[in-house]
Amino acid sequence: MTFTLRPYQARATDAAKEFLRQSIDPCLIDASPAAGKSYMVAEMANWFREVSGGKRVLCLQPNSKLVKQNVQKFQLTGERCSIFSASAGTKSTRHPVIYATPLTVKNSISRFLRDYCAIILDEAHTLAPTHLEIIEAMRDANPNLRILGLTGTSYRMLKGYIFRMWPDGRVNTDETTRDPFFSKMVYRVSAEEMLGEGFITPMEIRPVND
C-alpha cells in the first residue's frame with residue numbers, strides 16, 4: 001500500500017528538497033495541526049535515502065508514542081524502517097530509515113556515526129541539549145549532514161521564532177528571535193491553506209444551548 005501526498009504536503013516537501021539540495025543549514029517546515037506531518041517525514045526520509053545513494057536517515061521524535069505513529073505512516077510507503085527507542089521496547093538499526101527517541105540515541109551515539117546523511121526532527125520546537133549533542137556528534141562524522149525540522153509551533157515564549165528567515169526571504173531580527181537553530185522556514189502550511197483545498201472543515205460557532 002502506498003500513499004499520495006496532499007498538494008500542500010507536496011509543496012512543503014518540494015520546498016525542503018530544493019533548499020537542502022543547495023545548503024547544509026538546518027531548515028524547517030511549519031505545518032498547522034492536522035497537516036499530516038508524519039506523511040511529510042516519511043516522504044523526506046525516503047527522499048534523503050534515495051538521493052544519497054542509500055545512506056541512512058535518523059528521524060527523531062520526542063516520545064515513543066509519536067515514534068509508533070510515524071512508523072505506521074512510513075510503512076504505507078511500502079518501505080521498511082527500524083525503531084530505536086528504549087521506551088518503545090526495541091533498539092534496532094537494521095533498516096536505512098530509523099525512527100528514534102533522542103535519549104536512547106544519545107546513550108548509543110556510536111551506532112549513529114557512520115553512513116548517515118540526514119536527521120529529521122519531528123516536533124522541532126522541542127529541540128533540547130540532547131538533540132544538539134546528537135547533531136554535533138553526527139555532523140562531526142559527516143560535515144554534509146542535512147537537518148530538517150517539522151513543527152506546528154514555530155514561535156516559543158521568551159525565545160521567539162525558532163528560525164531566522166521566512167520563506168519569502170524576510171529575516172527575523174534579534175528582537176523577534178534569540179539564537180534560532182533553523183536557518184530558514186522553507187514552507188508554512190496554514191489552516192487557511194488546508195481549508196481552501198477542502199482538507200479541513202470550517203468551524204461553526206453557535207449560540208449556547210442552540
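Modeller: Partly exposed means a relative accessible area between the two cut-offs, under 20% being buried and over 50% exposed. The model discussed here is predicted.

Biologist: Is Arg164 buried, partly exposed or exposed?

Modeller: A residue is buried under 20% and exposed over 50%. Arg164 has a relative accessible area of 25%, which lies between these cut-offs. Arg164 is therefore partly exposed.

Biologist: Which residue meets the side chain of Arg164 in a salt bridge?

Modeller: The N to O distance in this salt bridge is 3.4 Å. Arg164 belongs to strand S10, and its partner sits in the loop between S10 and S11, 10 residues apart from it. The partner is exposed, with a relative accessible area of 65%. It is Asp174.

Biologist: In what order do the strands of the open sheet stand?

Modeller: The sheet has 9 strands, and its pairing is mixed. Strand S4 (90-91) and strand S10 (163-165) each have a single partner strand, so they stand at the edges. The order is S4-S3-S5-S2-S6-S7-S1-S11-S10.

Biologist: How many residues of strand S7 are buried?

Modeller: Strand S7 covers residues 146-151. On one side Arg146, Leu148 and Leu150 are buried, and on the other Ile147, Gly149 and Thr151 are buried. Both faces are thus covered, and the count is 6 of 6.

Biologist: How many bridges pair strand S6 with S7?

Modeller: Strand S6 (residues 116-122) pairs with S7 in the parallel sense. Within this pairing, Ala118 stands opposite Arg146, and Ile119 has Ile147 as its bridge partner. The number of bridges is 5.

Biologist: Which helix joins S6 and S7 in a right-handed β-α-β unit?

Modeller: The helix spans residues 129-141. It lies across strand S2 (56-60), S6 and S7, and runs at about 165 degrees to S6. The helix is H5.

Biologist: Which residue of S7 is the bridge partner of Asp30?

Modeller: Strand S1 (residues 27-31) runs parallel to S7, and 4 bridges join the two. Asp30 is in strand S1. Its bridge partner in S7 is Thr151.

Biologist: With which residue does Asp30 form a salt bridge?

Modeller: Asp30 counts as buried, because its relative accessibility is 5%. The partner lies in strand S11, 158 residues apart from Asp30. At 45% relative accessibility, the partner counts as partly exposed. With the closest N and O atoms 3.9 Å apart, the partner is Arg188.

Definitions and conventions:
Residues numbered from 1 in each chain as written. Predicted model: local features only at pLDDT ≥ 70, side-chain atom pairs only at ≥ 80, totals over all residues. Heavy atoms only, no water. Buried < 20%, exposed > 50% of the residue type's maximum accessible area, 1.4 Å probe, protein only. Pairing = 2+ DSSP bridges. Right-handed = clockwise from strand over helix to strand, strands pointing away. Contact = heavy atoms within 4.5 Å. Axes fitted to C-alpha atoms, helices over the stretch in contact; angles between N-to-C directions. Salt bridge = Lys/Arg side-chain N within 4 Å of Asp/Glu carboxyl O.
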